[in-house]
Amino acid sequence: MDDLSIVIVGQAGQGIQTVEEFMVSILKITGYNVFATKEYMSRVRGGMNSTELRIGSGKKRVRAYIERIDLLIPLHKNAIEHVKHRISKLNTAILIDPDMIDTKNYTEYNCIEVPFTKIQKNIGLKFINMFAIGVLSGIFKIPKETVEFYLKIRFELKGESVLSKNYNALNKGYDVGEKVKYNVPEMEKNTNVANEILLDGSQTMGLGVIAGGCNFISAYPMSPSTGTLVFVAQHSKEFGIVVDQAEDEIAAINKAIGAWYAGARAIASTSGGGFALMTEGLSLAGMIESPLVIHLAQRPGPATGLPTRTAQADLNLALYAGHGEFHRIIFAPGSIEQLFLLVQKAFNIADKYQIPVFILTDQYLIDTSYNVSLDEMYIVGVDHAFVKTQSDYKRYAYTENGISPRGIPGLGSGFVRVDSDEHDEWGHITEDLRNTRAKMMDKRIHKKGNTIARLESPIPLTPFGSTEFDILIVCWGSSFLTVKEAVEDLNHPKLACVHFSQVYPLPKETTSLLEKANTILLIEGNSTGQFVKLLKLYANIEIPTSQLYLKSNGEPFSVEEVKKFISLHLKKRGKKD
Amino acid sequence: MSTIFDYNTEAIAWCPGCGNFPLLRILKEALVELGKQPERTVFVSGIGQAAKLPQYIKGHMFNGLHGRGLAVAMAIKASNPELTVIVNSGDGCIFGEGGNHLNQQILRNPDITVIVHNNQIYGLTKGQASPTSGKGMETPVQVYGVTNEAFNPIAVAVALDASFVSRVFVGDAKKTKEVFKAAVSNKGFSLVDVFCPCVSFNKLNTYQWYEQHSYNLDEQYDPTDKIQAFQKAIETIKFPLGIIYRNPHKKTFCESNIAYEKDKRPLYQRNLDVEALRKLVESKKTL
């Protein structure tokens, strides 16, 4: 066995999040590959939340969500029921506390008793998570120095008393853990992994924003986008970033556009509901040809929907938002590395081509973490595209490629005049329909459109799996690594998958690549097949409904369900042969 | 009199007699007298007849969306504090569609000047009530008369402790220029509510009406006295004109923003510290 899945379940407020962060950190420092993701309710206390830690041997990358649970740590009387569909009598070991959970219901499972409740009375209710961390550390025989090292990093600033109370709880857990009769499978460690970095989607988005040269962020908090704002705010001093918590998303996007106008690099970061408010501003960016980067962190709608769950259902929103006609580019990164790269690219592309560029993430990607090597985190560099103006400067000068050099106020002797009304080359309001309007539409839509159409997708379409494929699994956005793992596991001679990290415009090679397959299967996190329709519309690829796996219940895709879906079609294919 | 701010006057789309004409002239003169340069000045507006003013004045222009001018102006100033940023828009744009942007920008205190062309009517859409229309005013939409209370921008701005709160009547050029100059010179958020008659659609609030229903605050009036300012703000039988309130002790948005603590340069002049970024990425050894 070279990977193991641990799931911790408890109420909001019990500190499950700390267990996750603690364990992935110290397991990685120890030399294991790690992955973590969580599902949680939209509440600050109570309910039932869980987090999954996947541990891979030093040789095996673990980067996707699986349903299987090898070791379950329930910290509440209802915890096992919460994940009952994921546990098995054969494979799951449960660290169970008879004082907390009625063991009679679980006699057929591999239950290992751990006295969480008794200890809790001893160490205090607040420290049950630290105790659990101790137990797990003991089970995995993580060197105490490693645990202490990380404990110090986390609690150093909170003072000696907090540190020692946490240490006490952790230590007690460690002693218990060492004696727990659970055989950890032998897994190789790797010192290279120990030195790698560990990031979640939120932090990566934030790092990408900083690396993209962003120096202005105005945002209104909304799950699951808030983490990005928090990360950038925490580094605002170091990198000289103006942070403004906007009064609403309408203000946020107008401020982002105002900042770009004045020479800053800005991002509008939000979720579906917030972005819905931004659509008027998006259209403004289209008309005045402002660069703009938009982070749309998806969650299930309509309306408030499921605030803390995941979805890929705002593709159409991003694609069609805004009145009138104008160009846009939509990226949908499928991994931490892609996210970091594409956010940076988004800033340079938005700046150069003066269009809105979207980063579509979702709760799953945002709340997922794993270790990556520094080589996978490519720093692109900031390419400013603004120009110094001359006194005869025309903001909307007609050009062959449809891109008018973008001046900024105060740099040069020209005037930068932008207008949400239809305008002439100088930015003056106009209703000269036959000449100026026609020419401006030609510039903004056709000339600029042709220029954008010639752009290569930053990450080329690359099939994974068999090079001799005739069944091709298509996915986009955050399901990438789940689908990839499923395809690798199945290891079928005729099977491959392809991931779209740029969903609009479709990469040029889309049709030719997809036409190579006899059967295309498509997986996406919505109920109507938004990307299926996009493929039909823009690549003339038709995928029958029977070949779609659509999911919209708010949960992420698991490797198992994707394998099951593919296997079903492999069987059908077998019959045909 | 011609000024260095003259621009594109032949294109003006206002009705003859509109209060926007004297307002534009007085604003240009005020800026000249303050020594402002068009190259360092940005005129921001929303949508409406008043919002067309930036089309007719030399300088940088951001003619944005209805109601959103203040959000844009705040961001421009926050990105380049060296620019003079002036918003011109109407009562519908700033008090109606953009009402909360007004409140929330006052609280941030960006160093910008907001000139509201308050004609108590919707001009561009041809004569519906505005947030400042008087109760009872009949319009094609408010067929049986306005039933809303009139919005009181002065009282709101004083309540929010705006840095500079003033009201003028554009028919009094001397006073208007004096207040414009003080507003643009003020370091912080400056509101100038300008009674600015609409000769086409508001037959009630005319030049003559404003003259009869307003008076200049006397020399002894102390605008730093907040209680007194509030008393003046709620006078609506005859409106007091002049600088009604000022709080000179407030820090501006940029002065209190960490991005300007050590580095005063506009954002466009700065480069990403790639070494610091690399270090930050490399430091992410744990969550």
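Me: Which residue is the bridge partner of D419(A) in β2(B)?

Reply: In this predicted model, the bridge partner of D419(A) in β2(B) is N63(B).

Me: What makes strand β17 of chain A and strand β2 of chain B count as a pair?

Reply: Two strands pair if at least two bridges are found between them, and strand β17 (residues 417-419) of chain A is joined to strand β2 (residues 60-63) of chain B over 3 bridges, in the parallel sense; the criterion is therefore met across the two chains.

Me: How many residues of each chain are in contact, and which helix of chain A gives the largest share of its side?

Reply: Contact requires C-beta atoms within 7 Å, and 63 residues of chain A are in contact with 49 residues of chain B. Helix α11 (residues 249-261) of chain A supplies the largest share of the chain A side, with 8 residues, while that side as a whole divides into 34 nonpolar, 17 polar and 12 charged residues.

Me: Why are α8(A) and α9(A) called oblique to each other?

Reply: The axes of helix α8 (residues 201-211) and helix α9 (residues 226-234) of chain A come within 8 Å and cross at roughly 50 degrees. Since roughly parallel needs an angle under 35 degrees, roughly perpendicular one of 65 to 115, and roughly antiparallel one over 145, the two helices are therefore oblique, and α8(A) passes α9(A) in a right-handed crossing.

Me: Which residues meet where α8(A) contacts α9(A)?

Reply: From α8(A), S202(A), Q203(A), M205(A), G206(A), V209(A) and I210(A) meet G227(A), T228(A), F231(A) and V232(A) of α9(A); by class this contact has 5 nonpolar, 5 polar and no charged residues.

Me: What makes β9 and β21 of chain A the edges of their sheet?

Reply: The sheet is open, with 7 strands in the order β9-β8-β10-β11-β13-β12-β21 and mixed pairing. β9 (242-245) and β21 (502-504) of chain A each have a single partner strand, so one side of each is left without a neighbour in the sheet. Within the sheet, strand β12 (residues 329-331) and strand β13 (residues 356-362) of chain A run parallel over 3 bridges, with I329(A) bridged to V357(A).

Me: How do you know that α11(A) counts as roughly antiparallel to β10(A)?

Reply: α11(A) lies across β8, β9, β10 and β11 of chain A and runs at about 160 degrees to β10(A); angles over 145 degrees count as roughly antiparallel, so this value qualifies. α9(A) lies across β8, β9, β10 and β11 of chain A too, running at about 140 degrees to β8(A).

Notes
Residues numbered from 1 in each chain as written. Chains lettered and ligands numbered in written order. Predicted model: local features only at pLDDT ≥ 70, side-chain atom pairs only at ≥ 80, totals over all residues. Contact = placed C-beta atoms within 7 Å. Helix = DSSP H or I, 4+ residues; strand = E, 2+ residues; numbered from the N terminus. Nonpolar A, V, L, I, M, F, W, Y, C, P; charged D, E, K, R; others polar. Axes fitted to C-alpha atoms, helices over the stretch in contact; angles between N-to-C directions. Left-handed = near helix turned anticlockwise from the far one by under 90°.
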